[in-house]
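Work through the exercises below with the sequence and the model at hand. Try each task before reading its solution.

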Amino acid sequence: MTTAFFSHDDCLKHNMGPGHPECPERISAILSYLAETGLDQNLDWVRPEEITRDQLLTVHPEQYLHQLDLMQPTRGRVFTDPDTAMMPDTLRAARLSAGANVQAVDMVMSGQVTNAFVCARPPGHHAERAKSMGFCFYNNIALAAMRALTFHQLERVAIIDFDVHQGNGTVDIVGGDERILMCSSFQHPFYPHSHVHRQASNIINTPIAAGCAAIEYRKTIENAWMQRLRDFDPQLILISAGFDGHAQDPLAELNLEVEDYRWLTEMIVGVARDHANDRVISTLEGGYHLKALAESVAAHVQVLKSVN
């Protein structure tokens, strides 16, 4: 049994322009660091396939998908919101990123691998059911959850989102679905300024103040999540893994370090060991300081790999 690592060169072709923080170099930095440290060894490297239209329709309506198809330019860039641009290679990359998440669910649920990390872009957790925003087009983690619940007929799936920005898109899609428990930590008040006070009983929003010390962050997370996760008894844990809460990240104001991400991963893996037969699928969301991102992802993957 191994850890599957999903990556595809075409995810680097999506490029929203010079100076944009969600850049192809994010993936390159991660892959280079894994090679330098030898952590790329003993991973099950998987080249994902594009998600199908029918799979996208489990989360997003046809009208929205058709709108994105029409908007994709044949040259240049088109902005879907002030932060999010499409270019000729964008939807190919987005379909690969989403497809990797669905494929990861299939591989983990079939027992081919113990767990998985999807190192792909564009990210997904800001994409609402019928709205692209925040660098995101398709909601990768919600698509993974629906694959697990429908095709694999699971009854309980947990989503853990520790990106520094709240996964408003995921909340929009899964809020009220009692088959899913979503635990989400994020800097507040902060982008995207929505869904923070969503009252759905299956959403545990955990706002964190700017400048919060790492030790306080850990205590807050433990108090807010652990008992609820254990009571929920998930059969699979999905992670929206954003590493932009790192102290060096230019887009946020939290003070997490690499060891805090290691701790978070160990906590999640512990819940998966006790409740989900070690089944964890993690997908890359944010993280915009290249060195901090690469080091944090490496720690995250190292913990996943240690389960095998």
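The exercises that follow go from the sheet to single strands, then to one residue and to the empty spaces.

This is a predicted model, in which local features need pLDDT of at least 70 and side-chain atom pairs count only at pLDDT 80 or more, while totals for chains, interfaces and linings use all residues. Residues are numbered from 1 along each chain as its sequence is written, and side-chain values use heavy atoms, with hydrogens and water left out.

**Exercise 1. The sheet**

Task: Give the order of the strands in the open sheet and name the edge strands.

Solution.
- Step 1. Strands are DSSP runs of E with at least two residues, and helices are runs of H or I with at least four; both are numbered from the N terminus. Two strands pair if DSSP finds at least two bridges between them.
- Step 2. Eight strands form the sheet, in the order β2-β1-β5-β10-β9-β6-β7-β8, and their pairing is parallel.
- Step 3. β2 (43-46) and β8 (203-208) each pair on one side only, which makes them the edge strands.
- Step 4. On average, neighbouring strands of this sheet are turned by 15° against each other, direction ignored.
- Step 5. At the β2 edge, β1 (residues 3-6) pairs with β2 over four parallel bridges. Ala 4 has Asp 44 of β2 as its bridge partner.

**Exercise 2. Helices on the sheet**

Task: Find which strands helix α5 touches and which strands helix α9 lies across.

Solution.
- Step 1. Contact means heavy atoms within 4.5 Å. Axes are lines fitted to C-alpha atoms, for helices over the stretch in contact, and angles run from 0 to 180 degrees between N-to-C directions.
- Step 2. Helix α5 (residues 140-151) touches β6 (157-161), β7 (180-187), β9 (236-241) and β10 (280-284), and its direction makes about 170° with that of β9.
- Step 3. Helix α9 (residues 290-306) lies across β1, β2, β5 (115-118), β9 and β10, at about 165° to β5.

**Exercise 3. Strand β9**

Task: Is each face of β9 covered or uncovered?

Solution.
- Step 1. Buried means under 20% relative accessible area, exposed means over 50%, and partly exposed lies in between (1.4 Å probe, protein chains only).
- Step 2. In a regular strand the side chains alternate between the two faces of the sheet.
- Step 3. One side of β9 carries Leu 236, Leu 238 and Ser 240, the other Ile 237, Ile 239 and Ala 241, and all are buried. Both faces are therefore covered, by the stated cut-off for buried.
- Step 4. β9 pairs with β6 over five parallel bridges, with Leu 236 as the partner of Val 157. Five bridges also join β9 to β10, where Thr 283 is the partner of Ser 240.

**Exercise 4. Cys 183**

Task: Is Cys 183 buried or exposed?

Solution.
- Step 1. Cys 183 is in strand β7.
- Step 2. Its relative accessible area is 0%, so Cys 183 is buried.
- Step 3. Leaving out residues up to four places away in sequence, Cys 183 touches Ile 159, Ile 160, Asp 161, Ile 204, Trp 225 and Leu 229.

**Exercise 5. Empty space**

Task: State the volumes of the largest pocket and the largest cavity.

Solution.
- Step 1. On a 1 Å grid over the protein atoms alone, a cavity is a set of points where a 1.4 Å probe fits but cannot get out; a pocket is an open set with protein on both sides within 12 Å along at least five of seven lines; lining residues have an atom within 4 Å of a point. Grid points are joined across faces, edges and corners, and a volume is the space filled by probe spheres set on the points.
- Step 2. The largest pocket holds about 160 Å³, and the largest cavity about 40 Å³.
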